[in-house]
Amino acid sequence: YSIRGRYLPKEGDVVIGKVVEIGLYGWRVDFGWPFLASLQLKEGSKEYIPNGADLSQYYRLGDYIACKIIRVSGSKIIDVSMKFPGTRRLGNGRLIKVKPSRVPRIIGKQGSMVTLIKDSTNCFITVGQNGYVWISGEDVEKHVLAIKAMRLIEKEAHEEGLTEKISSFLKKENKETKETKETKEIK
């Protein structure tokens with residue numbers, strides 16, 4: 001990460017990006033960096049993809065993917081792969097942008113913070129090192145709650161006892177949502 005909080009790509013990072021081009025030998029991915037990343041045929045899937053295959057059957061224009069950076073050469077040449085755990089095409093859901101410098105706090109120690117949010121909201125959450133977060137799940141109201149929790153972490157990342165604060169916030173919000181639904185059912 002740079003001092004200004006802008007994301008700097010590095011090998012090993014999992015990032016979220018959008019497929020913006022399909023070529024003969026792979027895809028180009030926009031992950032919020034001035035230059036597009038290349039997802040080459042041989043890195044497109046754990047399964048073998050033959051030359052000449054219809055690449056849009058794997059990833060279509062506009063698809064969002066979680067991919068791993070496997071090579072950075074200068075600032076312009078970045079190669080990504082879909083062969084690692086956690087890499088996949090992201091289905092229905094919503095994308096939010098957080099400050100890349102806040103990603104470690106959103107993830108938490110050994111994933112504790114993001115797990116707390118996932119468990120409290122029943123959402124599937126993928127956090128990219130580039131500050132893109134993918135949220136999906138059945139209940140759209142819960143998406144909003146997950147986003148509120150992440151915005152709170154972003155705002156108070158420097159505070160002590162952040163995990164406890166987020167836990168209390170999620171319990172309170174979940175209780176209020178439940179009470180509101182029960183009130184509606186009574187009427």
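**Entry 1. Ile 125 and its surroundings**

I began with Ile 125 in this predicted model. I set aside residues up to four places away in sequence and listed what Ile 125 touches: Val 114, Ile 117, Lys 118, Val 133, Trp 134, Ile 135, Ala 146 and Met 150.

I next noted that, apart from the core treated in Entry 2, there lies another one of 19 residues. Tyr 7, Trp 27, Trp 33 and Cys 67 are among the members of that other core.

**Entry 2. The largest nonpolar core**

I then asked which residues of the largest nonpolar core touch the most other members. The core has 23 residues, and those in question are Ile 117, Ile 125, Val 133, Ile 135, Met 150 and Ile 166. I looked up which elements give two or more residues to this core and found α1 (103-107), α2 (112-121), β8 (124-127), β9 (132-136), α3 (140-155) and α4 (162-186). The largest share, seven residues, comes from α3.

**Entry 3. Helix α2**

I listed the buried residues of α2 as Met 113, Val 114, Ile 117 and Thr 121. Viewed down the helix axis, these buried residues of α2 fall within an arc of 95°, and therefore they line one face of the helix. Of these, Val 114 and Ile 117 also appear in my list of residues that Ile 125 touches.

**Entry 4. Two positive phi angles**

I checked the loops on either side of α2. Gln 110 is placed in the loop between α1 and α2. Its phi is positive, about 50°, although Gln 110 is not a glycine. I also asked whether Gln 110 is buried or exposed. Its relative accessible area is 83%, so I recorded Gln 110 as exposed, the cut-off being over 50%.

Asn 122 is found in the loop between α2 and β8, and its position is just after α2. This residue, too, is not a glycine, yet it has a positive phi of about 55°. With a relative accessible area of 64%, Asn 122 is exposed.

**Entry 5. Leu 162**

I closed with Leu 162, which has its place in helix α4. At 2% relative accessibility, Leu 162 counts as buried because the cut-off is under 20%. Which residues is Leu 162 in contact with, once its neighbours within four places in sequence are left aside? I found Arg 105, Met 113, Ile 153, Glu 156 and Ala 157. Met 113 is also one of the buried residues of α2. Lastly, I looked up the separation of the C-alpha atoms of Leu 162 and Gly 91, which is 30 Å. Along the chain, these two residues are 71 residues apart.

Conventions. Residues are numbered from 1 along each chain as its sequence is written. This is a predicted model: local features need pLDDT of at least 70, side-chain atom pairs count only at pLDDT 80 or more; totals for chains, interfaces and linings use all residues. Side-chain values use heavy atoms; hydrogens and water are left out. A nonpolar core is a set of buried Ala, Val, Leu, Ile, Met, Phe, Trp, Tyr and Cys residues joined through side-chain atoms within 4.5 Å. Buried means under 20% relative accessible area, exposed over 50%, partly exposed in between (1.4 Å probe, protein chains only). Helices (H or I, at least four residues) and strands (E, at least two) are DSSP runs, numbered from the N terminus. Contact means heavy atoms within 4.5 Å. The arc is that of the directions from the helix axis to the C-beta atoms.
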